[in-house]
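I opened this entry to keep a record of what I looked up, beginning with one buried position and moving outward to the cores and a sheet.

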Amino acid sequence: MIVITAPTGNIGRRLLSLLVESAPAHGEELRLVARDPGRLPEAVRRRVEVVAGSHGDAEIVARAFAGADAVFWLVPPDASVTPDEAYSGFTRPAARAFAAHGVGHVVGVSALGRGTPQAARAGLVTSSLAMDDLIADSGVAYRALANPSFFENLLEEADSIRDHGVFTDTAAADRPAPMVAVADIAAAAAGLLLDRSWTGVGSVPVLGPQDLSPDDLARIMTEELGRPVRYRRQPLDELRSTLLGYDLNEAFVGGVVEMKRAKDQGLDAGVDRSAQAGTTTTFAQWCAQTLKPAVLAPQEPVDAR
């Protein structure tokens with residue numbers, strides 16, 4: 001029995017698609033924990049067991065993890081609380097349930113940076129690494145998928161790229177760093193969940209095929225989209241002010257800013273690429289398959305009345 005949390009999110013729905021097809025051949029049943037089971041495709045609901053509710057709730061995870069051999073763990077984003085509450089606070093009931101129900105293996109979505117000089121001052125990443133420690137202390141065999149920034153973050157810039165030919169981030173324009181497609185994270189998780197010969201505690205980097213700077217991203221987007229795209233570096237103070245304008249938790253906003261600063265200082269650098277798991281999608285492939293349709297999609301006409 002494999003339990004999948006957050007099965008309708010960017011990573012979870014891709015993982016679910018992989019496991020619905022492959023798990024039965026491995027003798028595995030699937031159980032999902034979903035706040036809104038109605039968001040799951042009907043064809044999927046007929047083939048899996050669903051526990052309705054939040055996987056941050058002690059009663060829900062007690063039901064979901066009973067009889068489970070493996071769990072895919074992903075904390076949903078929550079900018080209304082502090083980073084520690086968002087990660088360790090949300091995970092604490094699950095860590096107790098892992099131990100209480102004898103769950104053998106857990107695969108979690110986490111971040112790069114462990115062991116680096118920036119790790120203790122990296123905001124959301126620091127909190128994510130503390131969550132990994134909490135899970136590891138429960139006694140399960142644990143693999144943290146150590147991820148850099150996602151290609152999919154650029155989908156938030158689709159309107160700006162379409163209308164102005166500009167995307168924004170806070171890193172130096174010439175600083176290369178790993179980036180990854182969420183489909184590759186899902187594939188790495190599927191491999192670990194289906195082949196549970198691993199033991200102990202560790203992290204598995206999922207890096208993508210090459211390090212890319214913002215200038216590299218702009219060049220590749222220009223080539224793939226067939227229109228000029230340039231990078232604008234946003235000052236951290238401007239990012240902080242923008243996020244606070246959305247009435248987000250002030251400590252969470254601080255965690256985002258600290259994470260961005262740490263990444264610009266090399267938080268994600270220096271990982272041995274030969275250790276990474278699974279397939280690798282290039283940025284050019286991702287642009288052609290995902291970003292280009294989002295940027296070039298016909299826009300709804302604006303009613304000027």
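Helices and strands here are DSSP runs numbered from the N terminus, a helix having at least four residues and a strand at least two. I keep in mind throughout that this is a predicted model.

Entry one, His55. I found His55 in the loop between β3 (49-52) and α3 (58-65). Is His55 buried or exposed? With a relative accessible area of 6%, His55 counts as buried, because the cut-off for that word is under 20%. A polar atom of the His55 side chain lies 2.8 Å from the backbone oxygen of Leu74. Setting aside neighbours within four places in sequence, I listed the contacts of His55, which include Thr5, Val33, Trp73, Leu74 and Phe90.

Entry two, the cores. The largest nonpolar core holds 40 residues, and those that touch the most other members are Val3, Phe65, Trp73, Phe98, Val106 and Ile135. Among the elements that give two or more residues to this core I noted α3, β4 (70-73), α4 (83-100) and β5 (105-111). A second, separate core has 35 residues, including Leu32, Val48, Leu74 and Val182. I then went back to Val3, whose contacts beyond four places in sequence include Arg31, Val33, Phe65 and Phe72.

Entry three, a sheet. Three strands form an open sheet with mixed pairing, in the order β7-β9-β11. Its edge strands, each pairing on one side only, are β7 (149-150) and β11 (211-212). I saw that β7 and β9 (residues 177-180) run parallel and are joined by 2 bridges, and that Phe150 stands opposite Val180 in β9.

Methods:
Residues are numbered from 1 along each chain as its sequence is written. This is a predicted model: local features need pLDDT of at least 70, side-chain atom pairs count only at pLDDT 80 or more; totals for chains, interfaces and linings use all residues. Side-chain values use heavy atoms; hydrogens and water are left out. Buried means under 20% relative accessible area, exposed over 50%, partly exposed in between (1.4 Å probe, protein chains only). A polar contact is a pair of N or O atoms within 3.5 Å; within protein, one must be able to donate a hydrogen and the other to accept it, and residues adjacent in sequence count only if both atoms are side-chain atoms. Contact means heavy atoms within 4.5 Å. A nonpolar core is a set of buried Ala, Val, Leu, Ile, Met, Phe, Trp, Tyr and Cys residues joined through side-chain atoms within 4.5 Å. Two strands pair if DSSP finds at least two bridges between them.
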